[in-house]
Amino acid sequence: MYSSVILAGLGSYTQSVIEALEYIANHWGVFLTLLQTHMTIVLVGVGAAIVVAVPLGIVVTRHDKLGWMVMNMGAIAQTLPPLAVIAISFSFLGLGRNPVILALFFYALLPILKNTVAGLRSVDDSKVEAGRGMGMTQFERLTRIELPLAMPVIFAGIRTSTVMSVGVAYLGAFIGAGGFGNWVVLGQQQLDTHITMAGAIPGAALVIVLDQLFKRLQGVVTPATSTTKENTEISAA
Amino acid sequence: MPSAIAVIEWMIDNQALLIEQAIQHMNVALTALVFGIILWGATGVLIYRYDRFSDPALGVFGVLLTIPSLAMLSMLIPLVGIGIPAAVSALVLYSALPIARNVYVGLESVDESKIEVGRGLGMTDRQILLKVRLPQAMSVIMAGIRQAAVLLVAITTITAFFGAPGLGQSIFRGISLGSTKQILGGAIAISAIAIMVDASLYGVQRFLPGSEVNNA
């Protein structure tokens, strides 16, 4: 008896998913524009966050007091809900994409900064000393030993930020920035669930695809030393 | 940008509204948290017992957490509609990873020698789980619950768009009226709730078994 209720529920849910996909297919041009806007907001925001957070993280690991200050300020900033951050930046940048990009930049900054600091701190001192012994300058040690070894951790931070940003970019629709949020808002205004679902499904699919893509790429940026180590361990076993 | 004084004045003038919305906000977030603790706490114990399900389950919870909140709420409409039930169901889904993962990791990381002591005292498996493992894992579990609580308080803001009550309504009203004072007032109240809930859960943690204070 219960199973028939569940099956009926599943059936009607599949029906609404199909109708949402039909809506996307019928409005393909609009869909592409929304996708483009959504991705532009995410890429510009996260790109800017990487450019600022990685050098900042390097500076922070070299000054203990500064590091403590930056991390604490970042932790407080993170308790602000993203909608509020967007609403605040909207109040002095006005309507459009720019306030969303700014809010997204602030939001993406902390995970990358945190992971850059954690990654650089986790590098084994003996490896840096080995570089010093080979006559490397401080800059060479940073770019050829510390950064490559910290790369998997930094990359994990970029992954978190990017995935989170897709969600934050949705909220841009409330201040006229475009993106998939537009259809969610439109569907709510017209009391049409299919339009709302048509805005929701691509975003959910996008984060899952991006997350898996980054997971694969993480293996690529991991320095060869650790993989060869694993290989020898396997062959030894 | 309005001055800090203007924002504080707005908050004092509208304190009745803010307090009402704050109570509704906590009502939604904490209801979801209670459901989340019961559901995902049990799930955490189960995937600890049946370890082969732990990787797939935590993987799925991880994916759930990445889904944009606006998309999650939209996709729940055909199932639960809008309003408080929809808000609570979405929030319960978001609390899965922090709670289930920390219960699992907490139980897993208990020192084996302490289990052996329990066994030596003639405890049954159930007693070891309830009297040794759970108290020992409590600090890790509470860390997960606090993480979930802060997350839920922030996401509850967005549920206002789908008709759930709370401080999100102040922020949406502020956006549509172009009133920065109202946006900032709402945002400050939400951050205050997040910090307060986190601090009170930390207070609760001190009275639970396994905390440093209790052992001393």
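In this predicted model, the buried residues of α6(B) pack against four helices of chain B: α2 (15-49), α3 (54-66), α5 (84-94) and α8 (125-159). Helix α6 itself covers residues 96-108 of chain B, 13 residues in all, and 11 of those 13 are buried. Among the buried ones are B:Pro98, B:Arg101, B:Asn102 and B:Tyr104. End to end, from its first C-alpha to its last, α6(B) reaches 18 Å, close to the 18 Å expected at 1.5 Å a residue.

Now for the contact between the chains. Chain B puts in 30 residues and chain A 33. On the chain B side, α3, α4 (69-80), α8, α9 (168-177) and α10 (180-207) each supply at least two residues. The largest share there, nine residues, comes from α10(B).

Zooming in on one helix pair across the chains, α9 of chain A (residues 193-221) packs with α4(B) at an angle of about 135 degrees, their axes 8 Å apart. An angle of about 135 degrees is neither over 145 nor within 65 to 115, so α9(A) and α4(B) count as oblique to each other. Their crossing is left-handed. From α9(A), the contact includes A:Met197, A:Gly199 and A:Ile201, while α4(B) brings B:Ala71, B:Ser74, B:Met75, B:Ile77 and B:Pro78.

Here's how the residue types split up:

| Set of residues | Nonpolar | Polar | Charged |
|---|---|---|---|
| Side of chain B that touches chain A | 21 residues | nine residues | no residues |
| Contact of α9(A) with α4(B) | eight residues | five residues | no residues |

Key
Residues numbered from 1 in each chain as written. Chains lettered and ligands numbered in written order. Predicted model: local features only at pLDDT ≥ 70, side-chain atom pairs only at ≥ 80, totals over all residues. Expected span 1.5 Å × (residues − 1). Buried ≥ 20, exposed ≤ 12 C-beta atoms within 10 Å, placed from the backbone. Contact = placed C-beta atoms within 7 Å. Nonpolar A, V, L, I, M, F, W, Y, C, P; charged D, E, K, R; others polar. Axes fitted to C-alpha atoms, helices over the stretch in contact; angles between N-to-C directions. Parallel < 35°, antiparallel > 145°, perpendicular 65-115°, else oblique. Left-handed = near helix turned anticlockwise from the far one by under 90°.
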